[in-house]
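User: I'd like to go through this model with you, sheets and ligand included. Could you walk me through it?

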Amino acid sequence: MCGIVGYIGPKNSLPILLEGLRRLEYRGYDSAGVALIHDGKLEVHKKAGKVADLVASMKGTHASAQLGIGHTRWATHGEPNDVNAHPHWDCKHEIAIIHNGIIENYVALKIKLQKDGHTIRTVTDTEILVHLIEEMYKRSHDLFTAVRLALLEVEGAYGILVISTKEPDRIIAARKGSPLVIGIGDDESLVASDAAALVDHTRQVIYLEDGQVACLTADSVTIKTIHDQEIIKQVEEITFDLEQIEKGGYEHFMLKEIHEQPTSILNSMRGRLLLQEGTAKLGGLEPVMDKLLAAKRFIITACGTSWHAALAGKYMIEQLTGIPVEVDYASEFRYRNPVVQPGDVVFVISQSGETADTLAALREAQSKGATVLGIVNVVGSTIARATDAGVFIHAGPEIGVASTKAFTSQLSVLALISLLLARHRGMSKEQGITIARDLQSVPEKIEKVLTQIDQIKYIAEEFKHAQNFIYLGRGINFPTALEGALKLKEISYIHAEGYPAAEMKHGPIALIDENMPVVFIVPKDAIYDKVLSNIQEVRARKGRIIAIANEDDTEIGNLSDFVVRVPRTLSYFGPIVNSIPLQLLAYYMAVARGCNVDQPRNLAKSVTVE
Ligand code: G6P
């Protein structure tokens, strides 16, 4: 996600901030900015684009300040432009803030602050927070207290730094759900979202915890909870190197992103899943709700992994709402003169928001009069701007070429859309609550799957010399099988096919012998017994069976060579959980074969050509 860095001490802070921001560039971002306190005045520079663009835009200014904060923004609310870039400031241009995360109740806070006379200049959630701090400062006349009081009113996730011309000897830092690490130097203090931005200056650090607020001066650090209890924290020493830090200690970005999924899925549902009401709230769809409710049919179009999410979305939407859904490859949709009827609603799904075929499909649908909605990760991307409305998945920047966390966040957003529509079409509140609860438990279930890594590594070692793989699943886990096979071929270069399990006997069964590994996704759902029959068919031909099965499945062990256990979910959400072991299997197979996991040959993260 976004990057944060702050400095207070005897040196000129600007070069330290800019170097820190460069160190955070690997995280992906779309604009950058700094705020400095210089001669008692607040000086802010910010620019859409890269840190280099910010530096170029500052040519001619001679900012030199001993206190400053810097930010690289990855847009969540509002386009990535100069205005929405951080830092943001209060009405009097005295207090500046940078923020990672999402303030969920910013709309309610905004209305209140506007009533109290605040002028809000941007569409970001972050700016609201700095006005709230301004309001609290009027009461407390103390920045540390004002930040604490403001945070008591905030729902959502944040890592923030705040500075003020009224107290130019300190930086206030606070965290909930978005990391911050404080660096302790010689008569200087630093703070950053990631130790990568600190290691050039110090290796002595304090990791701030959720619910804590810190006041940093050049020679002291005071930490409290947001409820005003003082905390004594241990200073720790960073022992790892820079390369490791950037990947959060993981060997590859793909592995880091696989492990981020409990959090990225939570972020995609944050403030949107309404447990008590058993429904979902999707602000981005509100303007088109009448069209969504009137639609007789949905079409979903996408490419690659996003297309697999679309296919799983078809099962979810059809089963929960009864509305028919067609799924089409964007590259096919754009040229086949598709039948788009009045009232059809078309969803386009794209992680990058830049895929050329998906963009062309979007334009084709719009030219035929459809309402086109986006399910996109990158805010401000071409597809996000070209759609009539939509939902951002908030998975954070995905750097590994093989998509992992974006896929599961696309699925969780499709689940939210399905639930929302189902409730509007007569699903009872009770059923809605059951579904919402199950969806909410998905991140926790993924944590459990991530404890199975040793078993998955063992399987990868066993099959690393295989030349072919078959992946089989039924119902909503047919798309899971497709995605598992795609992951394997993308990064390990092993030929892999995904099939609906029952279709195997119409062709792929001819390939099965004692050398063929077959991955079955076999949760205990309504078609479990049918899949067991398919497993028997493979066993009879001596195929080697790897089963992705539920924890309480007592039969599967006798029928398979290897089992990876996954917790049970409602069938609609199975692919979110069941795809995790398949991502890990592909990953460890690729590592065992010595492949370049993050940048596989011939593939691009964003395909902007036809
Ligand atoms: C490329 C990537 C895939 C991705 C596909 C669609 O092929 O390598 O990982 O699924 O494009 O990308 P999108 O950004 O539109 O989801």
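Analyst: What follows takes the sheets, the helices, the ligand and a few single residues in turn, and the model is a predicted one.

User: Sheets then. What is the strand order in the open sheet of seven strands?

Analyst: The order is β5-β6-β7-β8-β12-β13-β14, and the pairing in this open sheet is antiparallel. Strands β5 (88-89) and β14 (230-231) stand at the edges with a single partner strand each, so one side of each is left without a neighbour in the sheet.

User: How many bridges join β12 to β13, and how many join β13 to β14?

Analyst: Strands β12 and β13 run antiparallel and are joined by six bridges, while β13 (residues 220-225) is joined to β14 by two bridges, again in an antiparallel arrangement.

User: Which residues does K224 pair with on either strand?

Analyst: K224 has E230 as its bridge partner in β14, and K224 is itself the partner in β13 of V213.

User: And the turns, how many residues sit between the strands there?

Analyst: The hairpin from β12 to β13 passes through two residues, whereas the hairpin of β13 and β14 has four residues between its strands, with D228 taking a positive phi near 80 degrees.

User: Which helices lie across that sheet?

Analyst: Helix α4 (residues 125-140) lies across β5, β6 (95-100) and β7 (158-164), and runs at about 135 degrees to β6. Helix α5 (residues 143-152) lies across β6, β7, β8 (171-176), β12 (212-217) and β13, and its direction makes an angle of about 145 degrees with β7.

User: What about the open sheet of eight strands, what's its order?

Analyst: That sheet is ordered β3-β2-β4-β1-β10-β9-β11-β15, with antiparallel pairing. Its edge strands are β3 (41-48) and β15 (236-237), each of which pairs on one side only.

User: How many bridges are there between β1 and β10?

Analyst: Strand β1 (residues 3-8) and strand β10 (residues 189-192) pair over four bridges in the antiparallel sense, and one particular bridge links I8 to S189 in β10.

User: Switching to the ligand: which residues come nearest?

Analyst: There are 14 residues around the ligand, and of these S306, S350, Q351, S352 and T355 come nearest.

User: Where are the polar atoms of S350, Q351 and V401 relative to the ligand's oxygen atoms?

Analyst: For S350, an N or O atom of the side chain is 2.6 Å from an oxygen atom of the ligand. For Q351 a backbone N or O atom is involved, at 2.7 Å from a ligand oxygen atom, and for V401 a backbone N or O atom lies 3.4 Å from an oxygen atom of the ligand.

User: Helix packing next. At what angle do α8 and α14 cross?

Analyst: The axes of α8 (residues 261-269) and α14 (residues 405-424) cross at roughly 35 degrees and come within 9 Å, and the crossing is right-handed.

User: Which residues meet there, and how do they divide into nonpolar, polar and charged?

Analyst: From α8 the residues are Q261, S264, I265, S268 and M269, which meet K405, T408, S409, S412, V413 and L416 of α14. They divide into four nonpolar, six polar and one charged.

User: I was also looking at Q452. Where is its place, and what is it in contact with beyond its neighbours in sequence?

Analyst: Q452 is placed in the loop between α16 (442-449) and α17 (453-463). Leaving aside neighbours within four places in sequence, Q452 is in contact with V564 and R565, and a polar atom of the Q452 side chain lies 3.2 Å from the backbone nitrogen of R565. The C-alpha atoms of Q452 and V566 are separated by 8.8 Å, although these two residues are 114 residues apart along the chain.

User: Last thing, backbone geometry. Is the peptide bond from H86 to P87 cis or trans, and what is phi at D39?

Analyst: The bond from H86 to P87 is cis, with omega near 0 degrees, and P87 is found in the loop between β4 (67-73) and β5. D39 has a positive phi, near 50 degrees, in a residue other than glycine, and D39 lies in the loop between β2 (31-38) and β3.

Key
Residues numbered from 1 in each chain as written. Predicted model: local features only at pLDDT ≥ 70, side-chain atom pairs only at ≥ 80, totals over all residues. Heavy atoms only, no water. Polar contact = N/O pair within 3.5 Å; in protein donor to acceptor, adjacent residues only side chain to side chain. Contact = heavy atoms within 4.5 Å. Axes fitted to C-alpha atoms, helices over the stretch in contact; angles between N-to-C directions. Left-handed = near helix turned anticlockwise from the far one by under 90°. Nonpolar A, V, L, I, M, F, W, Y, C, P; charged D, E, K, R; others polar. Pairing = 2+ DSSP bridges. Near = heavy atom within 4 Å.
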